[in-house]
Amino acid sequence: MSSGSSQDIRGEAIHGTPRSGPGSSLVKTPAHLNSSGLRIEYAEGKGRGVYACREIPAQTLIEISPVLLFSAAEYEEHGRHTVLDHYTFVWRDGHMALALGLGSLFNHSQNPNVSYTIDPSTESINYVTSRRVIPDEELCIFYGHKLWFDPVGTTDTMPADAMEERDDGWGGLSGVADDEDDEVARGANEPFDSFADGDPSQLVPEEALPFKRLKLTPDEEEECMDSVRTEEAWVVDLPDPRLAATMLKWLKQSGLDTLSMAHLKRIRKVDDKMSMVLILTREHPQPPAFPENIVLPPPYVLTVPKTAALTMTSLKLKSSLWPTIYAPRKRFEPEPWSRGKVRWACEAIKQVIKQAREAGDKGEIPIAAYVPVPYDEETRIATHMYEPISAHDTRTSLCHPLRHSIINLVRDVGELRASTLHPSSTPTLPSTPASETTSPPHQLTTVTDVPTPSLDKVSAVLSQPHSHPLPALQDLPQSTPISEAEAENRSVNGAHYLLTSLTLFTTHEPCIMCSMALLHSRVKEVVYMIPMEKTGGCGSLTCVPRLEGVNHRYVVNVWKDMGKEWVEQNGLEVNDACDA
C-alpha cells in the first residue's frame, strides 16, 4: 500500500464515513462469485473486508489478483491525488501497482491468517491461507509494523515521519515478524528472506539452496579389489547337489534366511563342487547346527562381499569372492525444490526460531520443533495435516529429563493421530511401542558425507548413564474400538503413523534419543539449523538414519551459515554438551 491511507477500504476506515450512508452499519456489499468460499462484508470501523463462507484449510490458494501497473511519473502526477492512493503499493521495479479482485480488500491484522507473494512474471499477487480458517472468519494480511493508521481496537499512533514513508514493495510484509522488537526480528529473519520474491514454480539449483543435504548411503562403486567391502559368513560344501533344495527349505524354517543375505546368491558352483552360504558370522557367531537327518561336512568361515554390485566391474570383482547380485542404481539425484517450497521452508524456520526464543524467555532451554502444514496438497490430504504443530523443550519447568522438544512434538502428533482415528472419543495413543512398528525403508541418499558407526555402537551410547531411553506413553482413557477393516482402511501403508510424509524443522540438531524417535515416527525429512557436535544424532556424533540395520531412512538437511554470533544474538545458544 502507499502511504497516506489504510488497507481497510481506505475511504471508510480513514475518513470514518461509509459510502452507503453516514454512521450506517448495514452497508450493502456486492456479491462475489468465486470457488474459494469467500465473500465481501462490511464491518463497522473497518469498512469492507473479505470473509470465509466455509472452513478453508491451511495453505489454500484463495485469490490470484492481477495488478495494474503505473509508472512512477504517472502515479506522482495523477494517481496519488485520487482515491487510487488508498489502494496502491510499490512494485519491484519502481512502478506503483493496483491489485484487482479481492487483493485490495484484505484488511490488516497483527495475527494474519493469509500470506501473499508477488509474481512479477504474471503481474499478479497470490494469496494463501497460513492456517485453517473457520466459517465467517475475516481473512486478513499483515501490513507491517509501521502503520499509517490506527488499527481497530488499538490506540497506538504513528510518528509523523512514518506517515511519509512509502511501502517497501510488499505492503510492509518484507519486515514481517511476530516478535514485537522490530530490530531483533529483522535480524533473525534476514537469512531467510532471500527467496521472498520470484516465480514460485522456478526450480532452485542445488548449490543455491539455503541448506545442505547430508549423505545417508554410500555411492562407492567399488571398482578395484581394494575398495570392495567384505565381511565373513558361514559356508558349507554340498557333496550331493540334490541336497541344495533340502538345505534351502531348512534355512527358511530355521530362521537363517535373513535380509542381510539378500545381496548374495545362495549357491556357488566351481567345477564339480557346490557350496552354500548360510548366514553372516556377525549374526550367528557359532557355526549353525544341521538337522540330524542331513549329513554334511562342518561349515567354515569365508569372506564375502558386503553389498550388491552397482557396476559390471564391481560385479566381476565381488563374484570372485562369492556370487553376488547385480543391482545397478542411478547415482543420487536430489529432489528438486522450487522457490515456493523454499519460501515455505523459510517461513517454517522463522516459526521454529520464534518458538525457541519464546521458550528461552520463559526460562526453558531455547530449543523448539515445528511441523508445518505440508507444502503440496496431495500430502496434506494423505496425512490429514491441516494445522501446524509445534513444541519446545520443557525439561526445566517440568524437571523431567526426557521432555525434549522433539519428544514433546511426537507425543502431540500421536494424540492428534489418535483423535483423527477416533474422532468421537477421547484421544488415545497407540499401546504398541514405536520401535515395534516397521515399514519398508525409504531409499534416500544425499550429498555430504557423515560418520557411519554401527548400530551396536549407537546402542552402546544409548546405554550409558547420561543417556535416556525413549519415554513410555502415558495411559489415557480408552476409546471405542473400531473394526480391523476400518482401522486398516484408515492407515493404508502407514499414512497416518505419526510423522509419515511430514517434514520437521528444529532449531538444534536432534540428540541420539530424539533422532531414534524420529526414525520410529517415520518422519520424511528433518531440517535443523544449529549442529551439536558432542551430542547430535543427525550428522555430528553419529547419523541415526544412516546406521546399518535401521528399517527407515529420513532426509537430513542442515541450514547454511548459522554462525555462532547469529546464534547468540537470537538467544538460541545452549551448552554444547546439551542433548537437544
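The lining of the largest cavity divides into five nonpolar, three polar and four charged residues, in what is a predicted model. The residues concerned are K341, W344, P372, P374, Y375, D376, T379, S501, L502, T503, K524 and E525, and the space that lies within this cavity comes to about 100 Å³. In total, two cavities of 30 Å³ or more were counted in the protein.

With regard to the protein as a whole, the secondary structure comprises 14 helices and 21 strands, and buried residues account for 47% of the 580 residues. Of the contacts with a separation of 6 or more, 71% are made by residues that stand 24 or more positions apart. The accessible surface was computed at about 28,700 Å², with 53% of this area belonging to carbon and sulfur atoms.

At the level of single residues, N113 was examined in further detail. This residue is placed in the loop that runs between strand 6 (107-108) and strand 7 (114-119), and because its relative accessible area is 1%, N113 is classed as buried, the cut-off for that class being under 20%. When neighbours within four places in sequence are left aside, N113 is in contact with V128, T129, S130, R131, V133, E137, E138, L139 and C140. For C140, the backbone nitrogen lies 2.8 Å from a polar atom of the N113 side chain. The C-alpha atoms of N113 and F142 are separated by 8.8 Å in space, the two residues being 29 apart in sequence.

Conventions
Residues numbered from 1 in each chain as written. Predicted model: local features only at pLDDT ≥ 70, side-chain atom pairs only at ≥ 80, totals over all residues. Heavy atoms only, no water. Helix = DSSP H or I, 4+ residues; strand = E, 2+ residues; numbered from the N terminus. Buried < 20%, exposed > 50% of the residue type's maximum accessible area, 1.4 Å probe, protein only. Contact = heavy atoms within 4.5 Å. Areas by Shrake-Rupley, 256 points an atom, 1.4 Å probe, with all protein chains shown as cover. Polar contact = N/O pair within 3.5 Å; in protein donor to acceptor, adjacent residues only side chain to side chain. 1 Å grid on protein atoms, 1.4 Å probe; cavity = no way out; pocket = protein on both sides within 12 Å on 5 of 7 lines; lining within 4 Å. Points joined across faces, edges and corners; volume = space filled by probe spheres on them. Nonpolar A, V, L, I, M, F, W, Y, C, P; charged D, E, K, R; others polar.
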